[in-house]
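Reader: I'd like to go through this model with you and ask how each label was earned. Could you set the values against the cut-offs as we go?

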Amino acid sequence: MQHGLTTPVESSGWAPLQQSLETLLESEGMETSQARNLALCILNYERNLHYQRERYLGSERHAQHKPGHEARYLKRAANQLIKQCKSLKN
Amino acid sequence: MSQQSLSESIQSMSIEDVAAPSLTRVLGLVPILPGEPADLYRISLETLIEELGARSVLQVYLAEKIHECLWWMRRYDEQKRATIVARMAWLADQIGFSMRGPSTQSHVRDTLMANMVDSKTVQALKEKGHTIETMRQEAMEHKREELLHLDQQIALQTKILAGLQATYEVAFNRKMNVERLQLHNALLRRDVEGIEVVAEELSSNDER
């Protein structure tokens with residue numbers, strides 16, 4: 001079974017939440033494109049955290065994956081989120 | 001997991017968060033795990049949000065993620081302790097405790113988890129040429145790989161935390177005056193020093 005962390009967020013089970021995030025971010029004056037990119041980064045980061053939580057709880061579904069993998073994906077997701085947030089200043 | 005079931009499982013979780021606007025609340029995510037103190041989490045999160053002066057949606061979200069990093073570190077640290085104590089309790093059972101019986105392991109585990117050592121335990125260890133320290137050393141040696149993995153997870157959270165803190169400062173032109181966080185970071189860096197972890201820093205130049 002795949003962990004699904006490499007699937008684009010837009011095509012994942014997290015996609016239905018994207019619009020709600022965009023709307024909330026736009027409500028504070030963020031441009032549409034910025035809000036969309038940031039929402040995707042947030043969802044990707046949250047997806048990784050969710051996986052981390054499940055793995056920590058010992059979910060058998062994730063037992064077959066090597067520990068180092070989710071750390072790499074989590075780090076990458078954090079990098080993307082950080083980069084996106086910093087770009088808002090520019 | 002199907003899209004529907006994931007959404008349902010996410011939405012079914014709820015937590016009374018903080019008064020400020022929260023993306024986490026929109027997502028319906030619960031950062032704590034079963035058995036963890038929800039009140040402690042909420043209070044420390046509210047304190048951090050206040051200290052950071054987080055008001056906007058994004059500020060509050062970053063504050064929540066900073067707090068979650070700290071919580072993960074605490075969680076991993078507690079797991080390290082529980083791992084060592086469980087092994088010590090097992091060892092106590094193996095080396096022939098004088099109070100040997102079906103509840104030996106649980107007695108030793110509960111005693112050590114409570115940061116206590118009763119005289120009965122010490123005496124029993126002494127009879128077998130052990131001290132609490134030597135038994136802990138043996139337990140740590142046996143659980144070395146597991147402890148190393150947990151240290152690596154703590155190191156990862158430390159890096160993410162540093163990145164999020166820097167982001168908060170850059171994105172909002174605000175120097176965080178949070179001595180507690182800085183001290184916590186310094187202590188963690190010292191603790192993980194010497195542990196073989198990937199030394200690369202979180203980069204803001206990663207390709208998506």
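Author: Gladly; what follows is a conversation about the terms used for this predicted model.

Reader: What makes up the secondary structure of chain A and of chain B?

Author: Chain A has 3 helices and 0 strands, and its elements run α-α-α from the N terminus. Chain B has 9 helices and 0 strands, in the order α-α-α-α-α-α-α-α-α along the sequence.

Reader: What share of each chain counts as buried?

Author: A residue needs 20 or more other C-beta atoms within 10 Å of its own to be buried. In chain A, 41% of the 90 residues are buried; in chain B, 30% of the 208 residues are.

Reader: And how much of the contact pattern joins residues far along the sequence?

Author: Taking contacts with a separation of 6 or more, residues 24 or more positions apart account for 59% in chain A. For chain B, the share of such contacts joining residues at least 24 apart is 64%.

Reader: How confident is the predictor in chain B, and which helices have the lowest and highest mean pLDDT?

Author: The mean pLDDT of chain B is 77, and 67% of its residues reach 70 or more. Among the elements of chain B, helix H1 (residues 3–12) has the lowest mean, 42, while helix H3 (residues 38–52) has the highest, 93. Over residues 1–19 of chain B the pLDDT is below 50, and this stretch has 24 contacts in the model beyond near neighbours in sequence. The pLDDT is also below 50 over residues 203–208 of chain B, where the corresponding number of contacts is 10. The model as a whole scores ipTM 0.89 and pTM 0.76.

Reader: Let's turn to helix packing. How do H3(B) and H4(B) pack, and why is H3(B) called oblique to H4(B)?

Author: H3(B) and helix H4 (residues 57–94) of chain B pack at an angle of about 130°, with their axes 10 Å apart. Roughly perpendicular covers 65 to 115 degrees and roughly antiparallel begins over 145, so an angle that falls in neither range is oblique. H3(B) is therefore oblique to H4(B). The crossing of H3(B) and H4(B) is right-handed.

Reader: Which residues meet there?

Author: On the H3(B) side they are B:Tyr41, B:Ser44, B:Leu45, B:Leu48, B:Ile49 and B:Leu52. They meet residues of H4(B) including B:Val60, B:Ala63, B:His67 and B:Trp71. Residues three or four places apart in an α-helix point the same way, because there are 3.6 residues a turn.

Reader: How do you know whether B:Asn115 is buried or exposed?

Author: B:Asn115 has 8 C-beta neighbours inside 10 Å, and 12 or fewer means exposed, so B:Asn115 counts as exposed. B:Asn115 lies in the loop between helix H5 (104–113) and helix H6 (119–127) of chain B. Its phi is near 60°, a positive value in a residue other than glycine.

Reader: Why is B:Ala171 called partly exposed?

Author: B:Ala171 has 19 C-beta neighbours inside 10 Å; buried needs 20 or more and exposed 12 or fewer, so B:Ala171 counts as partly exposed. B:Ala171 sits in helix H8 (residues 144–172) of chain B. Its C-alpha atom is separated by 19 Å from that of B:Thr24, 147 residues apart along the chain.

Reader: Finally, how does the reach of H2 in chain A compare with the expected value?

Author: Helix H2 (residues 32–56) of chain A has 25 residues and reaches 36 Å from its first C-alpha to its last, close to the 36 Å expected at 1.5 Å a residue. H2(A) is followed by A:Gly58, whose phi is positive, near 80°.

Methods: Residues are numbered from 1 along each chain as its sequence is written. Chains are lettered from A and ligands numbered from 1 in the order in which they are written. This is a predicted model: local features need pLDDT of at least 70, side-chain atom pairs count only at pLDDT 80 or more; totals for chains, interfaces and linings use all residues. Helices (H or I, at least four residues) and strands (E, at least two) are DSSP runs, numbered from the N terminus. Two residues are in contact if their C-beta atoms, placed from the backbone, lie within 7 Å. pLDDT is the predictor's confidence in each residue, from 0 to 100. The expected span of a helix is 1.5 Å times one less than its number of residues. Axes are lines fitted to C-alpha atoms, for helices over the stretch in contact, and angles run from 0 to 180 degrees between N-to-C directions. Angles under 35 degrees count as roughly parallel, over 145 as roughly antiparallel, 65 to 115 as roughly perpendicular and the rest as oblique. A crossing is left-handed if the near helix is turned anticlockwise from the far one by less than a right angle, and right-handed if clockwise.
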